[in-house]
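The following note sets out points on the model for a colleague's review. Please read each one alongside the sequence and the coordinates.

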Amino acid sequence: MTNHTAHRHPIGVVARRSGLSVDLIRAWERRYGVVQPHRTPGQHRLYSEDDILRLTLLRKLSLTSRRISKIAPLSTATLRQLLAQEEKVTLTLAPTEIRPTKRVTVCVKESLEAIVQLDTRSLRTLLQDAWVDHGHHAVLAEVLSPLLQHIGALWRSGDMRIMHERLASSVIRPFLNELAETYPQADEAPSMVVATPVGENHEIGALMALAVAASEGWQCTYLGPDMPAREIADASHQIGADAVALSVVNPTVGPRVMSEINALRQLLSPKVQILAGGEGARAYQDFLKKLNVTHVVDLGHFQSMISQLVEA
């Protein structure tokens with residue numbers, strides 16, 4: 001019989017089984033004492049089956065926008081009950097349904113100030129703290145989405161310079177990659193290629209989609225920005241992709257990008273779903289509909305669509 005309280009699992013095994021990154025497990029331990037691992041004479045952490053269960057429950061509940069600081073003190077039995085209640089409700093990330101807390105709103109403001117001050121360390125710390133405190137989905141929908149909107153507005157008005165935008169991207173890009181890598185990919189999970197088409201060089205929107213898809217259990221292959229239709233199609237064929245997610249945020253590159261999406265649709269099987277989101281895609285909704293390409297309104301819509309694809 002398995003002893004669920006015996007401490008024998010190293011942190012790498014715990015990360016893989018719980019779906020949390022090693023860094024996040026350590027951060028939750030340090031800040032909230034979510035579990036108490038055994039320390040070997042060499043100071044290596046060892047965890048029990050009960051620890052893994054507790055961390056898994058905390059991860060799943062954090063995806064429902066529950067603050068880790070509020071649920072960390074709860075017993076494992078209570079966490080089970082909360083999760084059972086949450087699983088009866090269909091959850092979305094739709095911005096219209098989100099009511100950011102005051103602390104999250106302050107985080108957006110402070111992050112923007114850090115960008116203006118070219119303070120890389122503060123920006124990185126703010127995003128990491130928001131992730132630890134508020135969870136994966138909240139940091140995407142309540143922090144990064146409005147932050148990127150502010151950056152875009154300042155850019156268009158001429159109040160933000162190239163150096164500020166590049167600094168923000170240099171921090172946000174690896175942060176989103178880290179979010180996506182938090183979730184292990186099961187071999188039997190559906191697969192998705194994520195990219196931006198030729199002509200679209202902004203990849204943050206694609207990385208946001210990558211992080212959401214990974215949190216929904218998809219196996220994701222990220223190709224990056226400015227990818228030709230043929231390359232996206234060949235990658236999709238090679239991995240047997242069930243879907244392709246494209247980000248188009250620049251409306252001025254619309255005609256060229258739509259030509260690439262048209263070519264991609266011709267190269268892929270009709271069974272492969274193509275989802276296109278971003279400001280650039282919004283301007284060509286009718287064209288996308290004719291191509292049988294799904295226009296993604298926002299992160300909430302994207303999450304809903306890929307959840308439906310898994311269930312289909």
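**Notes on the predicted model**

1. Helix α9 has a long list of buried positions: His164, Glu165, Leu167, Ala168, Ser169, Val171, Ile172, Phe175, Leu176, Glu178, Leu179 and Ala180. Here buried means under 20% relative accessible area, exposed means over 50%, and partly exposed lies in between, with a 1.4 Å probe and protein chains only. Helices (H or I, at least four residues) and strands (E, at least two) are DSSP runs, numbered from the N terminus.

2. On provenance, this is a predicted model, in which local features need pLDDT of at least 70 and side-chain atom pairs count only at pLDDT 80 or more, while totals for chains, interfaces and linings use all residues. Residues are numbered from 1 along each chain as its sequence is written, and side-chain values use heavy atoms, with hydrogens and water left out.

3. The length of α9 is as expected: its 20 residues should span 28 Å at 1.5 Å a residue, and the end C-alpha atoms are 29 Å apart, which agrees. The expected span is 1.5 Å times one less than the number of residues. Glu181 belongs to this helix, which covers residues 162-181. Glu181 counts as exposed because its relative accessibility is 65%. Between the C-alpha atoms of Glu181 and Thr294 the separation is 26 Å, with the two positions 113 residues apart along the chain.

4. Overall, the protein contains 15 helices and eight strands. For 312 residues a compact globule would have a radius of gyration near 20 Å, and the protein has 20 Å, which agrees. That radius is taken over C-alpha atoms, and the globule rule is 2.2 Å times the number of residues to the power 0.38. Along the principal axes, the C-alpha atoms fill a box of roughly 60 × 45 × 40 Å. Buried residues make up 49% of the 312.

5. Strands β4, β6 and β7 deserve a joint reading. Two strands pair if DSSP finds at least two bridges between them. β6 pairs with β7 in the parallel sense over five bridges, and Ala243 stands opposite Gln273 in β7. β6 also pairs with β4 in the parallel sense, over four bridges, with Val193 opposite Val244 in β6. Five of the five residues of β6 are buried: Ala243, Ala245 and Ser247 lie on one side, and Val244 and Leu246 on the other, so both faces are covered. In β7, four of the five residues are buried, so this strand is largely enclosed by the rest of the structure.

6. A separate open sheet has three strands in the order β1-β3-β2, with antiparallel pairing. Its edge strands are β1 (9-10) and β2 (38-39), each pairing on one side only. Two bridges join β2 to β3 (residues 45-47), and Arg39 stands opposite Arg45 in β3.

7. Which residues are closest to the centre of the largest pocket? The space in this pocket is about 1,400 Å³. Of its 47 lining residues, Leu148, Ile204, Gly205, Val249 and Glu279 are the closest to its centre. On a 1 Å grid over the protein atoms alone, a pocket is an open set of points where a 1.4 Å probe fits, with protein on both sides within 12 Å along at least five of seven lines; lining residues have an atom within 4 Å of a point. Grid points are joined across faces, edges and corners, and the volume is the space filled by probe spheres set on the points.

8. The elements that each supply at least two residues of this lining include α8 (136-157), α9, β4 (191-197), α10 (204-215), β6 (243-247) and β7 (273-277). Helix α8 gives the most, with nine residues. By type, the lining divides into 27 nonpolar, twelve polar and eight charged residues. Ala, Val, Leu, Ile, Met, Phe, Trp, Tyr, Cys and Pro count as nonpolar, Asp, Glu, Lys and Arg as charged, and the others, Gly among them, as polar.

9. Two backbone angles merit a check. Most residues other than glycine have a negative phi. Leu118, in the loop between α6 (102-116) and α7 (120-134), has a positive phi of about 55°. Leu118 counts as partly exposed, at 38% relative accessibility. Asn292 has a positive phi of about 60° and sits in the loop between α14 (285-290) and β8 (294-296). At 52% relative accessibility, Asn292 counts as exposed.
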